[in-house]
Amino acid sequence: MMLSRGAKRSIEILCGRVSTPIHSKYGYSTRSYGENFISEPKRNETQSKILRTYSSEVSPSDHTSLIKKLRERTSAPIKEVKAALIDCNWDLEEAQKELRKRGVALASKKASRAAAEGLLALSQNDKKAVVIELNCETDFVARNEIFQYLASSLAKLALSAESSEQATGHFPIGLQGLEDLKITFDHPKLSGETTVRNAITEVAAMMGENVKLRRGFAMPMSNHGVISTYLHTCPHPGLGRIAGILTLEVDDENAPLDAVQRVGSELAMHVVAAKPLFLTKEHASSDAVQNEREILKSQAESSGRPQAAIEKMVEGRLRKYFEEVVLMEQKFVVNDTINVKTVLSELSKEVGSPVKIGNFLRMEVGEGFQRADASEDIAQAA
């Protein structure tokens, strides 16, 4: 009898222990329901949130696939892509929207950072050429296909939108008006219609750098002739780091333009290589000539020669100065035995009509920036 009661009590104790939660450091409990044992996590609020985030509807293999798809769509860093997907419960479309929101906020923070790298984008037709400068912080971003696509698209839009009311010379493009224009993209990672300003902000968010439309110029062709262009360090057609543009005008409207186009291309390359400042001596500003004259005179006087000799030295060196900065006086880079003035004279004979340079323009990425200061700003921002 005593043995039976002891056995009965032991069984009751055992059953009580089985039906009572057993806590462990792993946060799990075990309960008995009839003959079945069910193991379930003991969830606190944080654990429940994590379990909701990693939805059981999306398998780990699907996680990898979604990260890859969102990365391909946005070009955002993998860390940001994964974080957005987790926050949006692995909903691809919602995660893409979230990335864009975060990117816009980040881009606005980086807008004050120096952007001295980038590309020039050029677009032209028979009557006009347009070049814009799109800046970024590093040459790594300048090599990115999305950045290059944006630069090319902006140049094409500027060409179609810019009016040619100014018949001669080159003139700046109004950036405020250009940024307000609508633009349509057709790129796997940049598509749909938006404003130029929003497109620049979106690309800045993708790249993680400050992206800025710095300046642009248009050069119309009013007379019979050609617009010639040349791009140096050209990763793709219409893109480069240095641009040379000039117009060649022919008096005879019936004159053939084949030779003019050939020489025009060579002269555009010459503008890039020789860096002229003025078209002719007459176009040189009086201040620039006077400053150069004073410098040359000071140098000549230090030689201790007579005044008459000093004047001759100054005039001789001033002619040399004009040969360096005046386009018509420069030695032709294709054939340095002649100058540009002689090139045009020979071209006029070949065409059978006077040919002249109407205007020219040289642009280089980042010119005018204080490179040292820009590098410091980037380092501090990083």
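These are my notebook entries on what I looked up in this predicted model.

**Ground rules.** I number residues from 1 along each chain as its sequence is written, and I keep in mind that side-chain values use heavy atoms, with hydrogens and water left out. Since I am reading a predicted model, local features need pLDDT of at least 70 and side-chain atom pairs count only at pLDDT 80 or more, while totals for chains, interfaces and linings use all residues.

**Overview.** I looked up the elements and found 14 helices and 12 strands in the protein; helices (H or I, at least four residues) and strands (E, at least two) are DSSP runs numbered from the N terminus. Of the 382 residues, 41% are buried, where buried means under 20% relative accessible area, exposed over 50% and partly exposed in between, with a 1.4 Å probe and protein chains only. I then took contacts (heavy atoms within 4.5 Å) between residues at least 6 apart in sequence, and 61% of them join residues at least 24 apart.

**The cores.** I looked next for nonpolar cores, each a set of buried Ala, Val, Leu, Ile, Met, Phe, Trp, Tyr and Cys residues joined through side-chain atoms within 4.5 Å. The largest has 34 residues, and those with the most contacts inside it are Ile132, Leu134, Phe147, Leu150 and Leu154. The elements giving two or more residues to this core are the strands S3 (117-124), S4 (128-136), S6 (182-187) and S8 (212-220), together with the helices H6 (139-142), H7 (145-161) and H9 (196-207). Helix H7 supplies the largest share of this core, 9 residues. I followed Leu150 outward and, leaving aside its neighbours within four places in sequence, found it in contact with Leu134, Phe185, Ala199, Ile200 and Val203. Apart from this core lies another, of 24 residues, which includes Val226, Ala259, Ile338 and Val355.

**Helix H10.** I checked the length of H10 (residues 258-274): its 17 residues reach 24 Å from first C-alpha to last, close to the 24 Å expected at 1.5 Å a residue, the expected span being 1.5 Å times one less than the number of residues. Its buried residues are Ala259, Val260, Val263, Gly264, Leu267, Ala268, His270, Val271 and Val272, and they pack against strand S9 (225-232), strand S11 (242-250), helix H13 (340-351) and strand S12 (355-364).

How do the axes of H10 and H13 cross? They come within 10 Å and cross at roughly 170 degrees, the axes being lines fitted to C-alpha atoms, for helices over the stretch in contact, with angles from 0 to 180 degrees between N-to-C directions. H10 and H13 are therefore roughly antiparallel; angles under 35 degrees count as roughly parallel, over 145 as roughly antiparallel, 65 to 115 as roughly perpendicular and the rest as oblique.

**The end of H10.** Ala274, in helix H10, is partly exposed at a relative accessible area of 23%. Neighbours within four places aside, Ala274 touches Glu324, Gln330 and Val333, and its C-alpha is 9.7 Å from that of Val326, although the two are 52 residues apart in sequence. After H10 comes Lys275, whose phi is positive, near 55 degrees, and which lies in the loop between H10 and H11.

**Helices H11 and H12.** I tested H12 (residues 307-325) in the same manner: its 19 residues should span 27 Å at 1.5 Å a residue, and its end C-alpha atoms are 27 Å apart, which agrees. Ile310, Met313, Val314, Leu318, Tyr321, Phe322 and Val325 are buried in H12, and helix H11 (286-301) is part of what covers the buried residues there. The axes of H11 and H12 come within 9 Å and cross at roughly 135 degrees, so I noted the pair as oblique to each other.

**Two loop residues.** Which loop holds Lys189? I found Lys189 between S6 and strand S7 (190-195), partly exposed at 22% relative accessible area; its C-alpha is 9.7 Å from that of Arg71, with their positions 118 residues apart in sequence. Thr233, placed in the loop between S9 and strand S10 (239-240), has phi near 55 degrees, a positive value in a residue other than glycine, and at 46% relative accessibility counts as partly exposed.
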